[in-house]
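Here's a quick briefing to read alongside the model. Have the sequence and the 3D view open, and we'll go topic by topic.

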Amino acid sequence: MHNTTYSRQRVSRKTGWTLPVPYCNCGCPDTVIDTGHIGHWLFQLTKCQCQVVNLGAGFDTTYWNLKDQNLVAKNFIEVDFTSVTSRKCYYVKSRKQLLDKLTSEDGDIKFNSTDLHSSDYHVVGADMRKLDEFEKKLNECGIDRNLPTIFLAECVLVYMTADSSSALVRWIADKFPTVFFVNYEQVNMLDRFGEVMVENLRTRGCALAGVTHCISLDSQKDRFLTNGWEGANALDMNQVYKNLPHDEVQSMEGFGVLVDLQVALFAHYCITWSYVDRQQPPLGLSSIRIAAPTETTQ
Ligand SMILES: C[S@@+](CC[C@H](N)C(=O)[O-])C[C@H]1O[C@@H](n2cnc3c(N)ncnc32)[C@H](O)[C@@H]1O
């Protein structure tokens with residue numbers, strides 16, 4: 001097993017909330033940064049009375065990792081193109097051990113070719129650039145706009161045009177009074193390393209249509225702050241790495257994870273987190289943080 005794969009699994013088992021550092025497409029292995037306390041704080045703050053929406057979830061396994069730790073949100077919804085969700089539905093449907101975990105006293109599991117609905121887990125196909133379609137699919141999952149909700153996007157928004165992702169985050173801020181967003185994707189795309197990354201991906205048929213939001217930590221935060229969000233923070237992955245618990249850093253260094261190329265790579269990925277906390281009294285979303293960066297508020 002690859003060292004970093006081992007690290008990913010170990011961290012996942014420990015906290016259940018991990019953001020991968022993947023898709024560099026330049027020969028680097030993927031690894032993980034543990035953002036455990038973001039998820040745990042939200043689950044603690046709400047006593048699991050919250051929802052999770054994983055945007056562009058692909059084959060992400062966060063729901064299953066959380067469930068293994070008895071961290072079960074009221075609703076966990078994964079959205080992706082139908083071409084992806086149909087494969088994921090087939091995958092779940094054909095594995096008894098996954099189906100057994102979904103079976104509950106209070107509900108059946110409903111499948112069609114692209115969507116899955118169970119009592120607390122949903123996989124739905126939608127193009128998130130089409131907000132009507134997106135909204136309809138969330139409603140089919142029984143989303144409750146008044147419950148605290150966390151939206152996750154890992155290497156997803158960058159594939160949409162800047163206008164489309166801005167419209168999506170604005171729509172979310174408009175519709176959800178208590179909402180937290182965690183976005184993981186590229187940053188510093190205008191320096192030489194960033195230019196090579198963009199070009200490398202483009203020649204492989206993978207255009208980063210939304211790269212203008214990925215110019216700096218400020219441009220990442222501004223996408224939220226100019227679209228109705230109350231506050232936003234961002235850290236590049238070197239900063240996140242420095243704030244990891246000591247034992248995690250030591251074990252990653254022991255595996256030789258942090259080689260020079262990865263230091264450069266870590267400077268080109270970031271986590272941005274943002275919140276709207278309109279309920280009275282506020283839930284306290286402004287206090288959730290990965291480390292202690294300077295916060296930007298509206
Ligand atoms: C690089 S993958 C990341 C998958 C997953 N988030 C992870 O970290 O493993 C990007 C995902 O976003 C999805 N995606 C991109 N644009 C989308 C859109 N407009 N609507 C729905 N899904 C989209 C893709 O289909 C793909 O599964």
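How many bridges join strand S4 to S7, and do the two run parallel or antiparallel? Five bridges join them, and S4 (residues 75-80) and S7 run parallel. Keep in mind that you're looking at a predicted model. The bullets below start with the whole chain, then go through S7 and its partners, the ligand shell, and a tryptophan in a helix.

**The chain overall**
- The secondary structure adds up to 12 helices and 12 strands.
- The chain has 298 residues, and 41% of them are buried.
- Taking the contacts with a separation of 6 or more, 73% are between residues 24 or more positions apart.

**Strand S7 and its neighbours**
- S7 covers residues 121-125, and five of its five residues are buried.
- That goes for both faces: Tyr121, Val123 and Gly125 are buried on one side, while His122 and Val124 are buried on the other.
- On the parallel side of the pairing, with S4, Phe76 sits opposite Tyr121 of S7.
- Strand S6 (residues 116-117) pairs with S7 too, in the antiparallel sense and over two bridges.
- In that S6 pairing, Leu116 has Val123 of S7 as its bridge partner.
- Getting from S6 to S7 takes a hairpin of three residues.
- Put together, Tyr121 faces Phe76, Val123 is bridged to Leu116, and both Tyr121 and Val123 belong to one buried side of S7.

**Around the ligand**
- If you're setting up a look at the ligand, its surroundings come to 17 residues.
- The closest of these are Gly56, Gly58, Met128, Glu154 and Cys155.
- By residue class, the shell splits into 10 nonpolar, two polar and five charged.
- Two domains chip in: domain 1 (3-50 + 150-290) and domain 2 (73-147) each supply at least three residues of the shell.

**Trp41**
- You'll find Trp41 in helix H2, which spans residues 36-46.
- Is Trp41 buried, exposed or partly exposed? Trp41 is partly exposed, because 17 other C-beta atoms lie within 10 Å, and a buried residue needs 20 or more while an exposed one has 12 or fewer.
- Trp41 also has a partner from far along the sequence: Arg289 is 248 residues away in sequence, yet the C-alpha to C-alpha distance between the two is 9.2 Å.

Methods. Residues are numbered from 1 along each chain as its sequence is written. This is a predicted model: local features need pLDDT of at least 70, side-chain atom pairs count only at pLDDT 80 or more; totals for chains, interfaces and linings use all residues. A residue is near a molecule or strand if its C-beta atom, placed from the backbone, lies within 6 Å of it. Ala, Val, Leu, Ile, Met, Phe, Trp, Tyr, Cys and Pro count as nonpolar, Asp, Glu, Lys and Arg as charged, and the others, Gly among them, as polar. Domain bounds come from an automatic or database domain assignment. Helices (H or I, at least four residues) and strands (E, at least two) are DSSP runs, numbered from the N terminus. Two strands pair if DSSP finds at least two bridges between them. Two residues are in contact if their C-beta atoms, placed from the backbone, lie within 7 Å.
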